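Visitor: I'd like to learn how to read a fold from its coordinates. Could you walk me through one?

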Amino acid sequence: MVSKQVSSLSDEADLRRADSLAREIFSDVANKWALLIIEALGDRTLRFSELRKEVEGISHKMLTQNLRMLERNGLAERKVHPTVPPRVEYTLTRPGQALRATVDLICGWTHEYFGHIESARRRFDT
């Protein structure tokens, strides 16, 4: 009986930690720059400068911060090639690719309901 209660408490604690982690990751990746970086990387490997060109309007600082966050969360990998100057490349990991599929769904949803959203905004703003 006691071991079942301990197991139940442990399961509950695991669920709380998982929920907390989910909120933290969602907070990290649910910003326009992270989503645009994920979309830009796609299934390719890109250098920092290539990514900066792909993600129009992003500053050097914001790209660096978001790439570090993606790497910290295991969504992107950074590979440094021992050249002078060093060549650094970024690739989405398997979990990053899975998240990209979700991002693609969101983009598809946006395209599907674009007209509806614009009409609603026009009505609301008048």
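Guide: We'll go through the sheet, then the loop, then the helices. This is a predicted model, in which local features need pLDDT of at least 70, side-chain atom pairs count only at pLDDT 80 or more, and totals for chains, interfaces and linings use all residues. Residues are numbered from 1 along each chain as its sequence is written, and side-chain values use heavy atoms, with hydrogens and water left out.

Visitor: Fine. What order do the three strands of the open sheet take?

Guide: The general idea: strands of a sheet pair through backbone hydrogen bonds, either parallel or antiparallel. Strands (E, at least two residues) and helices (H or I, at least four) are DSSP runs, numbered from the N terminus, and two strands pair if DSSP finds at least two bridges between them. Here the order is E1-E3-E2, with antiparallel pairing. E1 and E2 sit at the edges with a single partner strand each, so one side of each has no neighbour in the sheet. On average, neighbouring strands are turned by 30° against each other, direction ignored.

Visitor: How many bridges hold E2 and E3 together?

Guide: Six, between E2 (residues 76-81) and E3, in the antiparallel sense. To follow the register, look for Glu 77 opposite Thr 91 and Lys 79 opposite Glu 89. On the other side, E1 (residues 45-47) and E3 (residues 87-92) share three bridges, also antiparallel, and Leu 46 has Tyr 90 as its bridge partner in E3.

Visitor: What joins E2 to E3?

Guide: A hairpin, through five residues. Pro 85 lies in that loop.

Visitor: And which backbone oddities should I look for?

Guide: Most residues other than glycine have a negative phi, and most peptide bonds are trans. In this model, a cis peptide bond joins Val 84 and Pro 85, with omega about -5°. Gly 74, just after H4, takes a positive phi of about 75°.

Visitor: On to the helices. At what angle do H2 and H4 pack?

Guide: First, the convention: axes are lines fitted to C-alpha atoms, for helices over the stretch in contact, and angles run from 0 to 180 degrees between N-to-C directions. Under 35 degrees counts as roughly parallel, over 145 as roughly antiparallel, 65 to 115 as roughly perpendicular, and the rest as oblique. H2 and H4 pack at about 75°, their axes 10 Å apart, and therefore they're roughly perpendicular.

Visitor: Which residues make that contact?

Guide: Contact means heavy atoms within 4.5 Å. H2 brings Trp 33, Ala 34, Ile 37 and Ile 38, while H4 brings Met 62, Leu 63, Asn 66, Leu 67, Met 69 and Leu 70. By class, that's nine nonpolar, one polar and no charged residues. For the classes, Ala, Val, Leu, Ile, Met, Phe, Trp, Tyr, Cys and Pro count as nonpolar, Asp, Glu, Lys and Arg as charged, and the others, Gly among them, as polar.

Visitor: How do the axes of H2 and H5 cross?

Guide: H2 (residues 32-41) and H5 (residues 94-112) have axes that come within 10 Å and cross at roughly 105°, so this pair is roughly perpendicular too. Leu 35, Ile 38 and Glu 39 of H2 meet Gly 96, Leu 99, Arg 100, Val 103 and Asp 104 of H5. This contact divides into four nonpolar, one polar and three charged residues.

Visitor: Is Asn 66 of H4 buried or exposed?

Guide: Buried means under 20% relative accessible area, exposed over 50%, and partly exposed in between (1.4 Å probe, protein chains only). Asn 66 comes out at 5%, so it counts as buried. Not counting residues up to four places away in sequence, Asn 66 touches Asn 31, Trp 33, Ala 34 and Ile 37. Other buried residues of H4 include Leu 63 and Thr 64. Arg 68, also in H4, counts as exposed at 59%.

Visitor: How would I check the length of H4 (residues 60-72)?

Guide: The expected span is 1.5 Å times one less than the number of residues. For the 13 residues of H4 that should be 18 Å, and the end C-alpha atoms are 18 Å apart, which agrees.
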